[in-house]
Every structure is written in structure tokens, then in C-alpha cells.
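Visitor: Before we look at anything, I would like each label explained by setting a value against its definition.
Guide: Then let us bring up the model and take the labels in turn.

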Amino acid sequence: TNIGLELLVVISAYDLGFISFKKTMEYLNKILTVVASLSKWNGHLYNWYNIKDLMPLKPRYISSVDSGNFIGYLYIVKSFIVENRFRGDYDHLLEIVTKLIAEADFTKLYSEKNKLLSIGFDLENNRLTDSYYDFLASEARQASLIGIAKKDLPVKHWNALSRTLTSLNGYKGLISWTGTAFEYLMPNINLSIYKGSLLDESSKFLIMSQMEYAKKLEVPWGISESAFNLKDLNNNYQYKAIGIPWLGLKRGLEDDLVISPYSTFLSLEYELEKGIKNLKWLEKLGMIGRYGFYEAIDYTPGRKKFKKRPAIVKTFMAHHQALSFLSVNNLFNANILKRRFSSNPEIEAVNILLEERMPIQMIITKEKKEKIVKNKLELNDVYIEKSVDTAEKEFNVL
């Protein structure tokens, strides 16, 4: 994912006028030449490489979501090269990108039995991981769409992704595993969003939920997976998924409250004015550093600093900085990354899957009576109520 984001950041730096076209092509050439030389498994990059000798690091692992992101971003690189071929001979670059896309075989990451993508392939044990991406509201939906576009995966796989819905304030949207902005909004960097579609309404629902949750706790909004105010023995900040309790099935989401600026950047496509206002609030809290916004601000009671002030997580993650930068490029240049992505014929052919409408009728199921307890998270004398067992929560199911 990070290699793919690096490629898109280079292109976006050109789009936004920070670097010349010559420098852009120089960077792309260097990155792609090295990537082409890396050892791969069925066309997929390994999760980690030693940057000195370029050998895969153990445990050797292939991540489905990261491969999907990487190949998806390569489609944008391909379009960028094609649209600029008149400016020079870049056939060798185009050949590298086309080859990388073609050779990534997603059939090797797919379970026919479950009709789902495994989280990945474990080379050390020579088997697929027995855990699967089964939600449509997931950062892995790009991998699913790419696999179908390449004809590696059947269309029935898309239909097998869970479309469980929940409701709030008269609106409804998809649930996810951890209720993070990342799951709903990250794929929207390059995937087309059709007004009124299930994914469009769910993205709006996610942002509304973010705002509602933050409003009750009187903090800025923007919750996703991020670093938080806890360090390991090597003085590195720890990292995990932090989400909205009523959107995620994962337990314990109410135990943490960490606000990440990149979550707001991902939301600008939908909430520009409120998003900018939110970023200004974060800036007033001291969230601006040498390279832009710091990673996050941690309001979790047990991790606050002296005088119960929220703790700023003073690190910069290239991954999240990149997503913020790409969001700005899409904002200023009329969704240029989405347009480049969809200009590929095989992507255009599967975009119809993204047009799926929000269902009008729903079957409401509830196996057990919901138990309500006071949330452990107490801020400004405000409590959020949360079910003891998220599996018992009332959901609206298709």
C-alpha cells in the first residue's frame, strides 16, 4: 500500500504544481524499476523487504488488502503515463506497470468455499490465513473490485460481501468490522462514488456518525485506525483500529477515543466546510508540526497527559500523510485520481458494481434483548451508552 501511495503522491505533487513533469517521471522511473526487480509470489509483493538487499523479510506474508491497493494505484499510474506519452518515450514504464498488473494473481488469495478473499497467504506455513474480508464496508473492497476487473475473481464474490445495515437518526448505512473512517473512505480515493448508491449513503452515514459521536463527547471528529499515546520498549507509538462503537462489530471500541486528522481529510469530498472547520479546531489544539498535522490526539482517560489534557501523538505516518495529500488533490482537481482510475477499460466495465442502490425495504432481526450499560469512556461528564455484547446489538439486515 505504501509503495502504491508513494507513486500517487509523486503524481499528485505534479498535479498540484509542487514538482516538474521531468522530476515526476524521474521519480516514477526509479520507484517502478526497483519494484519490478523485487521478488514476488504469484505476482504479489511480499509485505516487507529489507531495504539494503531487497530480500523479503520473515515471516514472509502476502496481504490481500495491500496487494489490492497496490494494483489499484498502478491503474492510476498507467493512466497518467498514457495521458502524457506525447511528452516523451515512456513505453518502458508503461510495460513495467502493465506487467505488474497482469501478473498479480488474485485467485491465489481467494477461497472458493467462502467466496471471499483471505486476509492473506502465509509463506512460512504455505497456506491461506483462515480469516476473511467479509464486509462490503471494508478497506479491502478495492482488492475485490480489482480481482473482478482482472477476471481473477468471479462476480459472485462481490455479492457474497456482507451488506448488514444499521440506523441512526432516521438514516441507515453499512456496518463494518471496526467502524473506522479508513474502512469506509480510504477506497474512495480512487473508486467512483455514485450519488444515492449504497456505498455513497454509507460514506455519508459514517461521517454523520463520526460527528454525532464527537459532539456527545465534545471533541473534534475523525476516528479511524491510527497510532495512539502508548509506546513500546523502542519508543515507538502503538497502533490499532479505533472506531465508532455503533458502526463496528468489534468489541471494546468504546474504550478508546483517538482523533486522527487524516480521517477528516478523507471526509472532505462530502463535508468540505465542516471538515475545514474541524481541521482548524485541531490546529488550535496544537496539532500542526513540521510535516503538517501530527498523527493523532488521544483523549482516552487513562492515556491523557498532566492536568487531564489530551495527549498529542507526535509522529507522522507516511501512509496517512499520503491519504491526506491525495484527498486534497482530488478536491482541487475534480477527482482526478478517480477519473484516471476509471479511464482503464477493465475498471470502467466493473464500475456498475459500485452503483448498487440502498435497499428500500429491510428485514429487522433481533435475537436477544439488547443490554445497555454505561460506557467506560467519560469525558466532560458525558456518557455514551453501549451494548455489553455487540453481537447482541439490533441490526437491520438486508
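What follows is a conversation about how certain labels are earned in this structure.

Visitor: What kind of model is this, and how are its residues numbered?
Guide: This is a predicted model, in which local features need pLDDT of at least 70, side-chain atom pairs count only at pLDDT 80 or more, and totals for chains, interfaces and linings use all residues. Residues are numbered from 1 along each chain as its sequence is written, and side-chain values use heavy atoms, with hydrogens and water left out.

Visitor: Why is the contact of E26 with K23 called a salt bridge?
Guide: The term requires a side-chain nitrogen of Lys or Arg within 4 Å of a carboxyl oxygen of Asp or Glu. The closest N and O atoms of E26 and K23 are 3.7 Å apart, so the pair qualifies. E26 also meets the side chain of K30 in a salt bridge, at 3.5 Å from N to O.

Visitor: Where do these residues lie along the chain?
Guide: E26 and K23 both lie in helix 2 (residues 21-37), 3 residues apart, about one turn of the helix, and K30 and E26 lie in helix 2 as well, 4 residues apart, again about one turn. Helices here are DSSP runs of H or I with at least four residues, strands are runs of E with at least two, and both are numbered from the N terminus.

Visitor: What makes K30 exposed, and what are E26 and K23 called?
Guide: Buried means under 20% relative accessible area, exposed means over 50%, and partly exposed is in between, with a 1.4 Å probe and protein chains only. K30 has a relative accessible area of 51% and is therefore exposed. E26, at 31%, counts as partly exposed, and K23, at 31%, counts as partly exposed.

Visitor: How do you know that D91 and R85 form a salt bridge?
Guide: Their closest N and O atoms are 2.8 Å apart, so the pair meets the cut-off already given. D91 is partly exposed at 32% relative accessibility, and R85 is partly exposed at 38%.

Visitor: How many salt bridges does a search of the whole structure find?
Guide: The search finds 15 salt bridges. K240, D256, D298 and R303 are linked in a network of salt bridges.

Visitor: How do you know that the span of helix 8 agrees with its number of residues?
Guide: The expected span is 1.5 Å times one less than the number of residues. For the 20 residues of helix 8 (residues 198-217) this should come to 28 Å, and the end C-alpha atoms are 29 Å apart, which agrees.

Visitor: Why is helix 8 called largely enclosed by the rest of the structure?
Guide: Of its 20 residues, 15 are buried, so the helix is largely enclosed by the rest of the structure. Of the 398 residues of the chain, 55% count as buried.

Visitor: What makes E218 worth a remark about its phi?
Guide: Most residues other than glycine have a negative phi, and most peptide bonds are trans. E218 is not a glycine, and yet its phi is positive, about 55°. E218 follows helix 8 and lies in the loop between helix 8 and strand 11 (226-231). At 49% relative accessibility, E218 counts as partly exposed.

Visitor: Which label does K151 earn, buried or exposed?
Guide: K151 has 74% relative accessibility and so counts as exposed. The phi of K151 is positive too, near 65°, in a residue other than glycine, and K151 sits in the loop between helix 5 (141-149) and helix 6 (155-160).

Visitor: What makes the peptide bond between K58 and P59 a cis bond?
Guide: Omega of the bond that joins K58 and P59 is about 0°, and the bond is cis. P59 lies in the loop between strand 2 and strand 3 (61-63).

Visitor: Which secondary structure does the chain hold?
Guide: The chain comes to 13 helices and 21 strands. Taking contact to mean heavy atoms within 4.5 Å, 69% of the contacts between residues at least 6 apart in sequence join residues at least 24 apart.
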